[in-house]
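Please open the model in a viewer and keep the selection tool at hand. The tour begins with the chain as a whole and then moves from one selection to the next.

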Amino acid sequence: LALILYGDWQDHNMKVKYTDVDYRVFEDAARHVWEGRSPYERATYRYSPLLAYFLVPNIVCFPIWGKILFGIADLSVGVLIYRILLLMKSPKSEASRFSAYWILNPLAVNVSTRGNGDALVGVMILACVWLILNHHYKKAGLLYGLAVHFRIYPIVYALAIFLFLGPSSEREESFSVRLLGLSLRICKRQWNFVLTSMFSFLTCTSVMYVLYGDMFLEQCFLYHLKRADSRHNFSVHFYSIYLENGTTGKVFTFLPQLVSILALTFKLFQDLPLCMLTLTMAFVTFNKVITAQYFLWYVILLPLALPFVRIRFKFEGLCCILLWFAAETHWLYWGYQLEFKGQSVFLELWIASLIFFIVNVGLICFLIRRAEIQNTWSRISGM
């Protein structure tokens, strides 16, 4: 709250603004829907219209409402981390410590108070996990469908969650479905989750399409699939995107990402928190566009998996953190030379992107090798 109030003061009194540019985009979109117009009349608004509706109080009565909403979501992520870890039989002291890794994380606090809304999706994802582990599969499905509607990336968890909810024994009641020549056994909880998540996603998407037409589909979904930015892009693909004016081959960019996601899903689906963490890291690392806000997508999930990873945090954990920040800082140095000083350092920046890619892949492999991979249901039951 102090940072939100300070940010409001800095915005009004200093040349350098505290509030993120995207927050002003959200605000303008909220003003448009309040006036009965399309949020997509605001250039660069590429999110669900629901986000604009959530921020209407900014326009009507309370200018910092959106930041307070994002801050509440941020704190709720910490609460959910604590509850999920307790559910998985972590000691209270350990659950508190790992929850604090998120709540007291300066990066997370700064991002939320500057007006980034990713914590909203994060709280939806963690609430979905909490509901699944408490056997509320229909509610979890409704929330998961809403999360995918808000941002596309949670779709990478779909197969992992489906497999995780599969029949636990041959005696469990289930029915067979033939798909692509394969016979799949599907149980009631899988069916409930799939139907409710599809209902939630399709309902939200259909209503928004009726209200805002093709522009909604283009800006909210298709843009992110076709997006090819060569600026502010940590991805190894940025150079080819630059050389080909944003027309880099789609198969080449998506295939490694798809293969890595499928491989991680089938290897780790029984350990749901670890699986979701590594899936997010792989999705971001192999994506053709990577911006700084994408890193928060997997930082939210780190506290759920780290208690079950065998590492010495004061040495190995610190080394991993320093290695990641060193690779990012190295990239930022060359990015600054290119984008702010106008120097032709494309090759150096591409090499920095390769180093950052290798570090991230190495960290994914390190987490998997050191993880105590165990069925999450077994952890909950204490077996």
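How far apart are the mean positions of the positive and negative charges of the protein chain? The mean positions of the 34 positive and 24 negative charges are 6 Å apart. In this count Lys and Arg are positive, Asp and Glu are negative, and His and the chain ends are not counted. Each charge is placed at NZ of Lys, CZ of Arg, CG of Asp or CD of Glu.

This is a predicted model, in which local features need pLDDT of at least 70 and side-chain atom pairs count only at pLDDT 80 or more, while totals for chains, interfaces and linings use all residues. Residues are numbered from 1 along each chain as its sequence is written, and side-chain values use heavy atoms, with hydrogens and water left out.

**The whole chain**

Select the protein chain and display it as a cartoon. The chain holds 19 helices and two strands; these are DSSP runs numbered from the N terminus, with helices (H or I) of at least four residues and strands (E) of at least two. The radius of gyration is 21 Å, close to the 21 Å that the globule rule gives for 383 residues, so the chain is as compact as a globular protein of that length. That radius is taken over C-alpha atoms, and the rule is 2.2 Å times the number of residues to the power 0.38. Along the principal axes, the C-alpha atoms fill a box of roughly 65 × 50 × 45 Å.

Now switch to a surface view. The chain exposes about 19000 Å², of which carbon and sulfur atoms supply 67%; accessible areas come from the Shrake-Rupley method with a 1.4 Å probe, and for residues only the protein chains shown count as cover. Of the 383 residues, 51% count as buried (buried is under 20% relative accessible area, exposed over 50%, partly exposed in between, with a 1.4 Å probe and protein chains only). Among contacts (heavy atoms within 4.5 Å) between residues at least 6 apart in sequence, 68% join residues at least 24 apart.

**Aromatic residues around helix H2**

A search of the whole structure finds 30 aromatic pairs. Rings of Phe, Tyr and Trp (its six-membered ring) pair if their centres lie within 6.5 Å; planes under 30 degrees apart count as stacked, over 60 as edge-to-face and the rest as tilted. Select Phe26 and Phe70: their ring centres are 6.4 Å apart and their planes stand at 85°, so the pair is edge-to-face. Phe26 lies in helix H2 (residues 21-34) and Phe70 in helix H5 (residues 65-87), so the pair ties together parts that are 44 residues apart in sequence. Both Phe26 and Phe70 are buried. Extend the selection to Tyr23, Tyr40, Tyr45, Tyr47 and Tyr212, which belong with Phe26 and Phe70 to one aromatic cluster.

Remain on helix H2 and select Asp28, which is found there. Asp28 is partly exposed, at 23% relative accessibility. Its C-alpha atom is 9.8 Å from that of Asn58, 30 residues apart along the chain.

**Two loop residues with positive phi**

Go next to Lys89, in the loop between H5 and helix H6 (92-103). Lys89 is not a glycine, yet its phi is positive, about 70°. With a relative accessible area of 54%, Lys89 is exposed. Then select His135, in the loop between helix H8 (118-133) and helix H9 (137-150). Phi of His135 is also positive, near 70°.

**Gln293 and Gln190**

Select Gln293 in the loop between helix H14 (272-286) and helix H15 (295-299). Leaving aside neighbours within four places in sequence, Gln293 is in contact with Asp22, Asn116, Asp118 and Arg151. The C-alpha atoms of Gln293 and Gly117 are separated by 10.0 Å, although these residues are 176 apart along the chain.

Which residues does Gln190 contact, leaving aside its neighbours within four places in sequence? They are Phe162, Leu163, Leu165, Gly166, Pro167 and Arg185. Gln190 lies in helix H11 (residues 188-226) and is buried, at 3% relative accessibility.

**A final distance**

Finally, select Val60 in helix H4 (residues 56-60), a partly exposed residue at 46% relative accessibility. Draw a line from its C-alpha atom to that of Phe162: the two are separated by 42 Å and lie 102 residues apart along the chain.
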